[in-house]
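Subject: Structure handover

Hello,

Here is the structure I promised to pass on. Please open it and keep it beside this email as you read.

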Amino acid sequence: KRLKDFKKKQKIRKMKIITFLLVKALLAENIFEKFSFPNVRIVPFKQNDKDIEKYFERIKKLHLNHSPAEIADNAKKFKVNQKRVKIGSGKKCYQEAVKLIRNGSIVDKTVPWAQLLMEKGSKNKRIAKNDLLLTQALCYKVIWAVSPCKVVSAENNATFTRNSDSKGICSSISISTLKGHLISGEERFSVEMCFEDGSVWLDLYSVSRGAGVLGTIAMPLIRPLQKAFFKEICKNVSQVVLSDQN
């Protein structure tokens, strides 16, 4: 037991040291630029609409910081995170859930410490392929991180077959990280309705690794946030969909 407590304390101490060094590095502009992360904004306060608008202008010419082939060829280096939860049944439930992922509110309404932001003027617009997005998250209740992403896929009511006997329709969006992001990878939000029993499911999937030096250093801190992010969505999405239906 003493050995277990000692290892636990050592792990906590190590995490604190990594957090301190990472925050210090990200807040120092010269180090920030040196490691080529000019497009991740680490700040002690939540960004306002004006700041977000300027940020969108800044990232318009950015490209993805990875390729699908890179993920396929280096599968062992990319970590998969996936959660699936039943959120209800019926066509109305499916339609409300699809609205959540297509207007970005799947994050805003289920995760109290994160946002998925669209460009100004597109608040009521459906997320479409090639749209630019920003994620804004409060990390460990200490600092805000704003990061650039791009929609690489947006499907609506596509048919699917699962396990050769389960069929249904699926709507989804897939978001990839842009250059300057601490993470390299892709995240997918999918809503499925099975024809057999009308059940509606939310499937969350991500594949990622650290991007560059700082991204690699930061991953021990980012991984728990990724898991907490999916957990919060799965815990709250059913209630949100039910509320929207009423």
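Start at helix α5. Right after α5 comes Gly104, and its phi is positive, near 85°. The helix itself covers residues 91-102. Its 12 residues should span 16 Å at 1.5 Å a residue, and the end C-alpha atoms are 16 Å apart, so the two values agree. Which residues of α5 are buried? They are Cys93, Tyr94, Glu96, Ala97, Val98, Leu100, Ile101 and Arg102. Note that Glu96 and Arg102 are on that list.

Now step back to the whole chain. This is a predicted model. The chain has 246 residues, and 46% of them count as buried. It has seven helices and eight strands. Take the contacts between residues at least 6 apart in sequence: 63% of these join residues at least 24 apart.

How far can you trust it? Mean pLDDT for the chain is 85, and 84% of the residues reach 70 or more. Residues 28-36 need care, as pLDDT stays under 50 there. The model has 10 contacts beyond four places in sequence for that stretch. Where pLDDT is low, predicted coordinates should not be read in detail. Please do not lean on those contacts in residues 28-36.

Next, the aromatic rings. How many aromatic pairs does the structure hold? It holds two. Trp113 and Phe229 make an edge-to-face pair, with 6.4 Å from centre to centre and 65° between the planes. The angle is over 60°, which is why the pair counts as edge-to-face. This pair links distant parts of the chain, with its partners 116 residues apart. Trp113 sits in the loop between α6 (105-108) and β3 (114-117). Phe229 belongs to helix α7, residues 212-245.

The other pair is Phe229 with Phe230. Here the centres are 6.0 Å apart, the planes are at 35°, and the pair is tilted. Trp113, Phe229 and Phe230 form one aromatic cluster.

Are these rings buried or exposed? Trp113 and Phe229 are both buried. Phe229 has a relative accessible area of 13%, so it falls under the 20% limit for buried. Phe230 has 1% relative accessibility and counts as buried too.

Now go to the loop between β4 (132-139) and β5 (143-162), where you will find Tyr140. Tyr140 is not a glycine, yet its phi is positive, about 55°. Lys141 is in the loop between β4 and β5 as well. Its phi is also positive, near 60°, and Lys141 is not a glycine either. How accessible are these residues? Tyr140 is partly exposed, with a relative accessible area of 42%. Lys141 is exposed, at 78%. The cut-off for exposed is over 50%, so Lys141 passes it.

Another loop to visit lies between β6 (166-177) and β7 (183-194), and His181 is in it. Is His181 buried or exposed? His181 is buried, with a relative accessible area of 7%. A polar atom of its side chain lies 2.9 Å from the backbone nitrogen of Ile183. Display both residues and find that distance on screen.

Then look at Gln47. Gln47 lies in the loop between β1 (41-43) and α3 (49-59). Its relative accessible area is 8%, so Gln47 counts as buried. What does Gln47 touch, leaving aside neighbours within four places in sequence? It is in contact with Arg41, Ile52, Gln136 and Val146. Consider Gln136 from that list. Gln47 and Gln136 are 89 residues apart in sequence, but their C-alpha atoms are 8.2 Å apart in space.

Last, the cysteines. How many disulfides does the structure hold? It holds zero. Cys149 is buried, with 6% relative accessibility. Cys170 is buried as well, at 12%. Cys93 in α5 is also among the buried residues.

A good order for your own tour is α5 with Gly104, then the aromatic cluster of Trp113, Phe229 and Phe230, then the loop that holds Tyr140. Finish with His181 and Gln47.

Best wishes

Methods:
Residues numbered from 1 in each chain as written. Predicted model: local features only at pLDDT ≥ 70, side-chain atom pairs only at ≥ 80, totals over all residues. Heavy atoms only, no water. Phe/Tyr/Trp six-rings, centres within 6.5 Å; stacked < 30°, edge-to-face > 60°. Helix = DSSP H or I, 4+ residues; strand = E, 2+ residues; numbered from the N terminus. Buried < 20%, exposed > 50% of the residue type's maximum accessible area, 1.4 Å probe, protein only. pLDDT = per-residue confidence, 0-100. Contact = heavy atoms within 4.5 Å. Polar contact = N/O pair within 3.5 Å; in protein donor to acceptor, adjacent residues only side chain to side chain. Expected span 1.5 Å × (residues − 1). Disulfide = S-S within 2.5 Å.
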